[in-house]
Amino acid sequence: MAEPTVPPVVSLPTPADTRSFGRGLAALLRPGDLLVLAGPLGAGKTALAQGIGAGLGVPGRVVSPTFVIARVHRGGRVPLVHVDAYRLGSLAEVDDLDLDVDLADSVTVVEWGAGLVEQLAEARLRIEIDRLPDSDERQARLVAEGGDWADRLASMPALPA
Ligand SMILES: Nc1ncnc2c1ncn2[C@@H]1O[C@H](COP(=O)(O)OP(=O)(O)O)[C@@H](O)[C@H]1O
Ligand SMILES: [Mg+2]
């Protein structure tokens, strides 16, 4: 039996590094992908989503969707659906958002979505961002959940072995 793989941990010393990591990650993304971003307030979930948006070629700025819960950014290689699930109590409420887009045609990035939105897709990439004490550095742990995520992560050039 194959050894369970240790999730790669990426060091992100500055906000620019977090955005740049998101840009790199965007190159792996395709329609139907679901990314679940976990981590405390200020961890850098939105910063990472901004990098992903930039990498997908979304025009304009990706800002925190906190007060609207979800935003659809068109005009890039793939539509980006950016969700802040902080105020959502259930998956049903995600469906009820009545987004004017099919998630199968989009890349969906959900902040605060752990334990809530997993069923939106058969597979997903979970990214857990931790803050290090007394430092700006963040560490992102990438957890492949089904599909071909493990292979895709392995093909990502900037990841540690
Ligand atoms: N290494 C880093 N990566 C990402 N953000 C950082 C980093 N260091 C400092 N920051 C700051 O932390 C904050 C992260 O905010 P944000 O991305 O909105 O977090 P979240 O969406 O997880 O609540 C920003 O003010 C950003 O400038
Ligand atoms: Mg945020």
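The questions and answers below concern a predicted model.

User: In what order do the strands of the open sheet stand?
Analyst: The sheet is open, holds 7 strands and has mixed pairing. β1 (9-12) and β3 (70-73) are at its edges with a single partner strand each, so one side of each has no neighbour in the sheet. From one strand to the next the twist averages 20°. The order is β1-β7-β6-β2-β5-β4-β3.

User: Do strands β2 and β6 run parallel or antiparallel, and how many bridges join them?
Analyst: β2 covers residues 34-38 and β6 covers residues 124-131. Within this pair, Ala38 stands opposite Glu128 of β6. The two strands run parallel, and the number of bridges is 4.

User: What angle does the direction of helix α1 make with that of β1?
Analyst: Helix α1 (residues 15-26) packs on the sheet. The strands it touches are β1, β2, β6 and β7 (138-145). Its direction and that of β1 make an angle of about 135°.

User: Which residues coordinate the magnesium ion (ligand 2)?
Analyst: The ion is coordinated through an OG1 atom and an OE atom, at 2.1 to 2.2 Å. One of the two residues is in helix α2 (residues 45-56) and the other in strand β5 (residues 107-111), 65 residues apart. They are Thr46 and Glu111.

User: Are Thr46 and Glu111 buried or exposed?
Analyst: The cut-off for buried is under 20% relative accessible area. Thr46 has a relative accessibility of 18%, so Thr46 falls under that limit. Glu111 has a relative accessible area of 3%. Thr46 and Glu111 are therefore both buried.

User: How many residues of α2 are buried?
Analyst: The buried residues include Lys45, Thr46, Ala47 and Leu48 in the earlier part of the list, and Gly53 and Leu56 at its end. Among the elements that cover them are α1, β2, β4 (80-84), β5 and β6. α2 is mostly covered, and the count is 10 of its 12 residues.

User: How far apart are the end C-alpha atoms of α2, and what span is expected?
Analyst: The helix has 12 residues, and the expected span takes 1.5 Å times one less than that number. This gives 16 Å, which agrees with the model. The end C-alpha atoms are 17 Å apart.

User: What phi does Gly57 take?
Analyst: Gly57 comes just after α2. Its phi is positive, at about 80°.

User: With which side chain does the side chain of Arg152 make a polar contact?
Analyst: Arg152 lies in helix α4 (residues 149-154) and is buried, with a relative accessible area of 8%. Leaving out residues up to four places away in sequence, Arg152 touches Leu28, Leu29, Arg30 and Asp33. The polar contact is 2.9 Å long, and the partner is the side chain of Asp33.

User: Which side chain makes a polar contact with the side chain of Ser11?
Analyst: Ser11 lies in strand β1 and is partly exposed, with a relative accessible area of 41%. Beyond residues up to four places away in sequence, Ser11 touches Glu137 and Arg138. The polar contact of its side chain, at 2.7 Å, is with the side chain of Glu137.

User: What separates the C-alpha atoms of Ser11 and Phe21?
Analyst: Ser11 and Phe21 are 10 residues apart along the chain. The separation of their C-alpha atoms is 9.6 Å.

How values were computed: Residues are numbered from 1 along each chain as its sequence is written. Chains are lettered from A and ligands numbered from 1 in the order in which they are written. This is a predicted model: local features need pLDDT of at least 70, side-chain atom pairs count only at pLDDT 80 or more; totals for chains, interfaces and linings use all residues. Side-chain values use heavy atoms; hydrogens and water are left out. Two strands pair if DSSP finds at least two bridges between them. Axes are lines fitted to C-alpha atoms, for helices over the stretch in contact, and angles run from 0 to 180 degrees between N-to-C directions. Contact means heavy atoms within 4.5 Å. Donors are N, O and S atoms within 2.8 Å of the metal (3.2 Å for Na, K and Ca); water is not among the atoms, so sites may look incomplete. Buried means under 20% relative accessible area, exposed over 50%, partly exposed in between (1.4 Å probe, protein chains only). A polar contact is a pair of N or O atoms within 3.5 Å; within protein, one must be able to donate a hydrogen and the other to accept it, and residues adjacent in sequence count only if both atoms are side-chain atoms.
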